[in-house]
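Q: Please take a close look at a single part of this model and describe its surroundings step by step. Afterwards, please set that part within the rest of the chain.

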Amino acid sequence: MIRNGNHGNQEDDSGASGSSSQGSSARSPEKRKRVIRVWCDGCYDMVHYGHSNQLRQAKAMGDYLVVGVHTDEEVAKHKGPPVFTQAERYKMIRAIKWVDEIVEGAPYVTTLETLDKYNCDFCVHGDDITLTVDGKDTYEEVKRMGRYRECKRTQGVSTTDLVGRMLLLTKAHHSNIDNTAYQLHTDNFGKGPKGHSPWTGVSQFLQTSQKIIQFASGKEPQPGDTIMYVAGAFDLFHIGHVDFLETVHKQAEKPYVIVGLHFDQEVNRYKGKNYPIMNIHERTLSVLACRYVSEVVIGAPYAVGQDLLAHFKVDLVCHGKTEVFPDTDGTDPYAEPKKRGIFRILDSSNSLTTDDIVQRIIKNRLQFEARNQKKEAKEMAVIEALKHREDSLKTESVLANIQL
């Protein structure tokens with residue numbers, strides 16, 4: 001059971017590079033005369049908990065977070081075809097609880113002009129690198145002018161990895177699979193002809209209690225709150241889930257939404273194939289990042305029974321228009337709330353499912369594989385250039401010492 005809720009400013013122990021002193025001084029009482037505005041930008045395609053964690057860390061460096069999202073045209077030009085449309089990506093970022101404002105159609109290259117236009121003190125990006133179509137650092141100008149901060153990249157998740165899980169159709173990413181199986185998965189995807197880029201390559205995600213606390217510290221239900229319960233896989237947490245949870249949130253004046261997440265084995269029982277694409281630990285963080293969610297139950301029972309309803313004092317149980325699969329004994333998992341008259345089917349007007357996303361990927365498989373290889377090749381070129389520069393500096397230093 002993980003309590004969630006909309007977050008205000010939080011102390012961050014993520015070890016953000018080049019920013020911790022700036023962030024702490026900006027938040028001390030004597031420095032609180034004005035609001036510190038922070039800028040982030042990106043494609044935010046196939047948004048996952050790594051993106052959310054970046055935005056969480058960025059928000060912790062200031063008071064107000066502005067997020068710029070690139071258009072489909074810009075993404076296609078610099079990276080390749082996006083999986084989600086710009087309208088879907090705009091809405092997805094708005095649903096992340098640390099985001100205060102979004103800028104639609106933000107330029108791909110971040111400039112001082114953009115920061116000044118939106119009154120932002122500095123921009124924040126992960127400790128990887130973002131390159132234009134011609135291989136230039138998109139943050140070069142703001143780095144040079146001292147208005148750039150870094151936060152830690154979330155290990156163990158990337159769009160490359162998620163695409164690979166969908167295309168390879170393995171179950172190696174499930175939480176009950178041994179590390180050897182996962183290593184086989186990582187060795188077979190996201191690897192370019194010259195080896196792995198440390199930014200695009202696949203690595204294993206390791207959940208920690210600290211990460212859950214960072215995502216989840218929130219409020220308990222208050223008197224007068226309407227406690228609503230929903231359950232499911234919430235796999236590849238996407239805009240269809242967001243629209244549904246927003247619809248649930250609107251069912252009451254003072255909503256308190258609890259999401260029950262099924263274990264991987266349970267999801268695989270009723271979904272089959274290699275589902276879930278994200279394991280229980282990953283799905284937990286993805287759902288916790290949503291502003292419409294108040295609490296998460298990790299490993300919720302499939303049947304919504306008397307004990308669960310009593311424990312959480314549930315007023316209303318909701319489900320979308322998707323199919324309800326019977327329990328292992330063939331019974332209706334929502335029989336108890338239906339008997340009590342507290343079950344409600346909601347139509348969010350968005351029929352997008354995780355299956356639909358997988359089909360988008362499979363349909364454009366060659367394009368996405370080419371995109372990942374192209375991205376990794378550019379990153380490897382930068383790494384080689386940096387290594388060459390470092391070696392040259394070392395040589396120059398050695399020669400200078402010899403001359404002395």
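**A strand and its setting**

A: In this predicted model, H125 has a relative accessibility of 10% and therefore counts as buried, the cut-off being under 20%. H125 belongs to strand β5, which covers residues 122-126. The side chain of H125 is joined to the side chain of Y139 by a polar contact of 3.4 Å.

The burial of H125 is shared by the rest of its strand: five of the five residues of β5 are buried, and the strand is mostly covered. A general point helps in reading this. In a regular strand, side chains alternate between the two faces of the sheet. In β5, F122, V124 and G126 are on one side, while C123 and H125 are on the other, and both of these faces are covered.

The next step is to consider the strands that pair with β5. Strand β2 (residues 37-42) pairs with β5 in the parallel sense, over two bridges. Within this pairing, C123 of β5 is the bridge partner of W39. Strand β6 (residues 148-151) also runs parallel to β5, and four bridges join the two. Here G126 has C151 of β6 as its bridge partner.

The wider chain gives this strand its context. The protein chain has 16 helices and eleven strands. It comprises 404 residues, of which 53% count as buried. Among its contacts with a separation of 6 or more, 79% are between residues 24 or more positions apart. One example of residues that are apart in sequence involves R56, which is located in helix α2 (residues 49-60). R56 counts as buried because its relative accessibility is 4%, and the cut-off is under 20%. R56 and I96 are 40 residues apart in sequence, and their C-alpha atoms are 9.1 Å apart in space.

Another buried histidine can be described in the manner used for H125. H262 has a relative accessibility of 3%, so it counts as buried. H262 is in the loop between β8 (255-261) and α11 (264-271). The side chain of H262 makes a polar contact of 2.9 Å with the side chain of Y270. Neighbours within four places in sequence being set aside, the residues in contact with H262 include A231, G232, A233, A300, P301 and Y302. I280 and R283 are also in contact with H262.

I280 and R283 lead to helix α12, since both are listed among its buried residues. The helix covers residues 280-288, and because eight of its nine residues are buried, it is largely enclosed by the rest of the structure. The other buried residues of α12 are E282, T284, L285, S286, V287 and L288. At the N-terminal end, α12 is capped by N279, which has a side-chain oxygen 3.0 Å from the backbone nitrogen of H281.

Helix α10 is also largely enclosed by the rest of the structure, because ten of its eleven residues are buried. Among these buried residues are I239, H241, D243, F244 and E246. The elements that cover the buried residues of α10 include α4, β7, β8, β10 (316-319) and α15.

Empty space completes the description. Rolling a probe the size of a water molecule over the atoms shows where empty space is left. The largest pocket holds about 740 Å³ of space. It is lined by 33 residues, and those closest to its centre are H241, H319, T322, E323 and T353. Two or more lining residues are given by each of β7 (226-232), α10 (239-249), α11 and α15 (354-363). By class, this lining has 13 nonpolar, 14 polar and six charged residues.

There are also three cavities of 30 Å³ or more. The second largest cavity contains about 120 Å³ of space. Its lining is made up of 16 residues, and M46, V47, F84, F237 and H238 lie nearest its centre. Helix α4 (residues 86-94) supplies the largest share of this lining, namely three residues. By class, the lining of the second largest cavity has eleven nonpolar, two polar and three charged residues.

To return to the part examined at the outset, β5 is a strand with both faces covered, joined in parallel to β2 and to β6.

Technical notes: Residues numbered from 1 in each chain as written. Predicted model: local features only at pLDDT ≥ 70, side-chain atom pairs only at ≥ 80, totals over all residues. Heavy atoms only, no water. Buried < 20%, exposed > 50% of the residue type's maximum accessible area, 1.4 Å probe, protein only. Polar contact = N/O pair within 3.5 Å; in protein donor to acceptor, adjacent residues only side chain to side chain. Contact = heavy atoms within 4.5 Å. Pairing = 2+ DSSP bridges. 1 Å grid on protein atoms, 1.4 Å probe; cavity = no way out; pocket = protein on both sides within 12 Å on 5 of 7 lines; lining within 4 Å. Points joined across faces, edges and corners; volume = space filled by probe spheres on them. Nonpolar A, V, L, I, M, F, W, Y, C, P; charged D, E, K, R; others polar.
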